[in-house]
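This report describes one protein chain, working outward from its charged pairs to its cores and overall dimensions. The sequence and structure come first.

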Amino acid sequence: MNSGWVILDKDSGLFSRTAGGRIARLFGTRKFGHIGTLDPMASGVLPIAIGGATKIIPFIEETAANIKEYLFDIEFGYETDTLDICGKTLRCDNVVPARETVLAALPSFIGEISQIPPRFSAVHVNGQRAYDLARAGRDIEIPSRRVSVFSLDLIGVDEKTWHFRMRCSRGTYVRSIARDIAAHCGAMATVTMIRRTLSSGFEIKNTLKLDFLENLVNNGADISKYLMPSDFGLGDIPVLGLDNKSAGFYKNGGFITTDVADGQYRVYSGNVFIGIGRVFDNKLHPVRTI
């Protein structure tokens, strides 16, 4: 079974899970997962793991490099139920704040902040997805969460469209940021575009389009060279190499005596990545095996 990563540039209008399923089928497997769900309307970086690489997703999400970067556009003057242009307009006041007012508001959203996710989001409320409850017309209250915004910049205004760039932690909602910026300025706003350019160390410059891969497969081409290895994206975790005998014990769940420092390691047998292990008390313990 194929294992590895495809760094997808997801198109707007496509659900993240749908994109992952189509990628998995191209590589002949049903097993897949992805890092950081993108809204259907959003485009950009969507790292998709297939086969055994799905076991590595939690370790990438835990790394210090788990930073997201978004470009997004908003329009002031109205607000929809989804907080983006895919929803129904709920309120309209036609208020457009001054540029200086918006610029003065942005520092309030940098650092660790409290944020309430949108009603139409994948967060769980009493064991159910918020968007399922919202679509059913249920009146729901979503608790706030702590997120981190590392930078937030206004990069231009084009007629009625305001362009922003944000770097933030996992779990930060662009649509909530837009809503809260507007409220801070005494206005309301709706997101008209979201594009993710960075996700947990995976960059937009390394992405592939789904239709590019599908066209190759439809024309009988080999797409294996576009599958990144399972350890792609784990560069912050140090390497621990094992000989063949020790690697065999490791893959079967055995503990390996070692004199390296305590901590988490990428484990290799020669040049072959075989999993993630943790060392403590001079023993390497398997955490994930590939």
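## D9 and its partner

D9 is buried, because its relative accessible area is 7% and the cut-off for burial is under 20%. The model is a predicted one. D9 pairs with R195 in a salt bridge whose closest N and O atoms are 2.8 Å apart. The two residues come from distant parts of the chain: D9 belongs to strand β1 (residues 4-10) and R195 to strand β12 (residues 189-199), a separation of 186 residues. R195 is partly exposed, with a relative accessible area of 23%.

## A second bridge and a shared network

The side chains of D11 and K209 also form a salt bridge, at 2.5 Å from N to O. D11 sits in the loop between β1 and α1 (16-26), and K209 in the loop between β13 (202-203) and α6 (210-218), so this pair ties together parts that are 198 residues apart in sequence. Both partners are partly exposed: D11 has a relative accessible area of 32%, and K209 has a relative accessibility of 31%.

Which residues are joined into one network by salt bridges that share partners? The whole structure has 9 salt bridges. One further pair is R179 with D180, where the closest N and O atoms are 2.8 Å apart. R179 is buried at a relative accessible area of 19%, whereas D180 is partly exposed at 21%. The network asked about consists of D9, D11, R195 and K209, linked by salt bridges that share partners. As a general point, side chains of opposite charge can pair when their charged atoms come close.

## The loop after β1

G13 is located in the loop between β1 and α1. With a relative accessible area of 61%, G13 is exposed. Leaving aside residues up to four places away in sequence, G13 touches P40 and M41. The C-alpha atoms of G13 and S43 are separated by 8.2 Å, and these two residues are 30 apart along the chain.

## Nonpolar cores

The largest nonpolar core contains 46 residues, and the ones with the most contacts inside it are I23, F72, I74, L152, F164 and M166. Helix α5 (residues 174-184) contributes the most to this core, giving 5 residues. A second core, separate from the largest one, has 16 residues, including I7, I35, I57 and L234.

What does I23 touch beyond residues up to four places away in sequence? Its contacts are V6, L8, I48, I50, L210 and L213.

## Helix α5

Helix α5 is mostly covered, with 8 of its 11 residues buried. The buried residues in α5 are V174, R175, S176, I177, A178, R179, I181 and A182. R179, named above for its salt bridge with D180, is therefore one of the buried residues, at a relative accessible area of 19%. Just after α5, G186 adopts a positive phi of about 70°.

## T161 in strand β11

Strand β11 covers residues 161-169, and T161 lies in it. Is T161 buried or exposed? T161 counts as buried because its relative accessibility is 16%. Not counting residues up to four places away in sequence, T161 touches D73, I74, E75, G156 and T192. I74 also appears among the residues with the most contacts inside the largest nonpolar core.

## The chain as a whole

The protein chain has 7 helices and 18 strands. Its C-alpha atoms fill a box of roughly 70 × 50 × 40 Å, taken along the principal axes. Of the 290 residues in the chain, 51% are buried. When contacts between residues at least 6 apart in sequence are considered, 68% of them join residues at least 24 apart.

The chain exposes about 14,200 Å², and carbon and sulfur atoms supply 48% of that area. There are 34 positive and 31 negative charges, and the mean positions of the two sets are 7 Å apart.

Notes: Residues numbered from 1 in each chain as written. Predicted model: local features only at pLDDT ≥ 70, side-chain atom pairs only at ≥ 80, totals over all residues. Heavy atoms only, no water. Helix = DSSP H or I, 4+ residues; strand = E, 2+ residues; numbered from the N terminus. Buried < 20%, exposed > 50% of the residue type's maximum accessible area, 1.4 Å probe, protein only. Contact = heavy atoms within 4.5 Å. Core = buried A, V, L, I, M, F, W, Y, C linked by side-chain atoms within 4.5 Å. Areas by Shrake-Rupley, 256 points an atom, 1.4 Å probe, with all protein chains shown as cover. Lys, Arg positive; Asp, Glu negative; His and termini not counted. Charge placed at Lys NZ, Arg CZ, Asp CG, Glu CD. Salt bridge = Lys/Arg side-chain N within 4 Å of Asp/Glu carboxyl O.
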